[in-house]
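Subject: Structure for you to look at

Dear colleague,

I am passing on the structure we spoke about, and below it you will find my notes on what turned up when I went through it. Please read them with the coordinates open beside you.

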Amino acid sequence: ILGPLLRENLVKTKPIAKHFEIPVISFTNDKNLAEENIWITGFSPEDQIEKMINYSAKCNKSNYGFIGIENEYGNIALQKINEKINKDQIVKYLLINKDTILKKEKLNRLLKNFLEYKDEESLNVDKKTLFDAIFIVGDTNFVLEIMPILTYYDLDLKYTHILGTSIFNDQLLLNEHSLLNAKFPKVEEVG
């Protein structure tokens, strides 16, 4: 048995393993790579999103936002959320492409509009939050670009849960102040 392989290594070794009929165990979450003699053991984005939806329902969250990277990963996550949550519970969603991430002024305006932030309300302590929870789906750099802007525009993390995937279990994100109390699924470790 070859392993443990991550996605990029599996893609490279898969043709060789198939040719020599070598069973493979991989820790990728890309279910598309699974086939005869190739087993996938990762925690898929769909499974992670479902776990976070179940968690937020237990916390009585009902008004959701979604901010994701505009790629296959972000689209899969948004699709899963739309399947599992009532349509009227999705207040707003955004899929942001990589070009927009690089244009700071445009990104700031986009996120300010997403939160419906108004300068005159910034001092209003009784302001009702638009979202009970916001899913943030993207890689580490995406999350590090998005979250500080959201908190700058008064996203109150005491009232709005930030829900992510296991990508949030990255040391950079665990230490990021704008992600205090963010929630994400973690694979149970046995041993």
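Strand S4 is a good place to begin, since it is mostly covered, with 6 of its 6 residues buried. From S4, the residues Tyr 64, Phe 66 and Gly 68 point one way, while Gly 65, Ile 67 and Ile 69 point the other way, and all are buried. Please bear in mind throughout that this is a predicted model.

As to the neighbours of this strand, S4 (residues 64-69) runs parallel to S5 and is joined to S5 by 6 bridges. Among the paired positions, Tyr 64 has Ile 90 as its bridge partner in S5, and Ile 69 is partnered in S5 by Ile 96. The connection between these two strands involves helix H3 (residues 72-84), which together with S4 and S5 makes a right-handed β-α-β unit. S4 is also joined to S6, again in parallel, by 5 bridges, and there Ile 67 stands opposite Ile 136 of S6.

Taken as a whole, the sheet is open and consists of 4 strands in the order S5-S4-S6-S7, with parallel pairing. Strand S5 (90-96) and strand S7 (161-163) stand at the edges, and because each has a single partner strand, one side of each is left without a neighbour in the sheet. From one strand to the next, the twist averages 15°. Helix H6 (residues 140-152) packs on this sheet, where it touches S4, S5, strand S6 (133-137) and S7, and the direction of H6 makes about 150° with that of S6.

Turning to the interior, the largest nonpolar core has 27 residues, and those with the most contacts inside it are Ile 67, Ile 136, Ile 146 and Ile 162. At least two residues of this core are supplied by each of S4, S5, helix H5 (104-114), S6 and H6, and the largest share, 6 residues, comes from H6. Leaving aside residues up to four places away in sequence, Ile 136 touches a list of residues that includes Ile 67, Phe 142, Ile 146, Leu 150, Ile 162 and Phe 168. There is also a second, separate core of 15 residues, which includes Met 52, Leu 78, Ile 81 and Val 137.

A polar residue that I would ask you to inspect is Ser 56, which lies in helix H2 (residues 45-58). Its relative accessibility is 0%, and Ser 56 therefore counts as buried, the cut-off being under 20%. Apart from residues up to four places away in sequence, Ser 56 touches Lys 61, Tyr 64 and Leu 163, and Tyr 64 is one of the buried residues of S4.

Finally, two backbone positions deserve a look. Most residues other than glycine have a negative phi. Asp 154, however, has a phi near 65°, a positive value in a residue other than glycine, and this residue is found in the loop between H6 and S7. With a relative accessible area of 37%, Asp 154 is partly exposed. Asn 181, which is not a glycine either, has a positive phi of about 65°, and Asn 181 is found in the segment after helix H7 (171-174). The relative accessible area of Asn 181 is 58%, so this residue is exposed.

With best wishes

Note on methods:
Residues numbered from 1 in each chain as written. Predicted model: local features only at pLDDT ≥ 70, side-chain atom pairs only at ≥ 80, totals over all residues. Heavy atoms only, no water. Pairing = 2+ DSSP bridges. Axes fitted to C-alpha atoms, helices over the stretch in contact; angles between N-to-C directions. Contact = heavy atoms within 4.5 Å. Buried < 20%, exposed > 50% of the residue type's maximum accessible area, 1.4 Å probe, protein only. Core = buried A, V, L, I, M, F, W, Y, C linked by side-chain atoms within 4.5 Å. Right-handed = clockwise from strand over helix to strand, strands pointing away.
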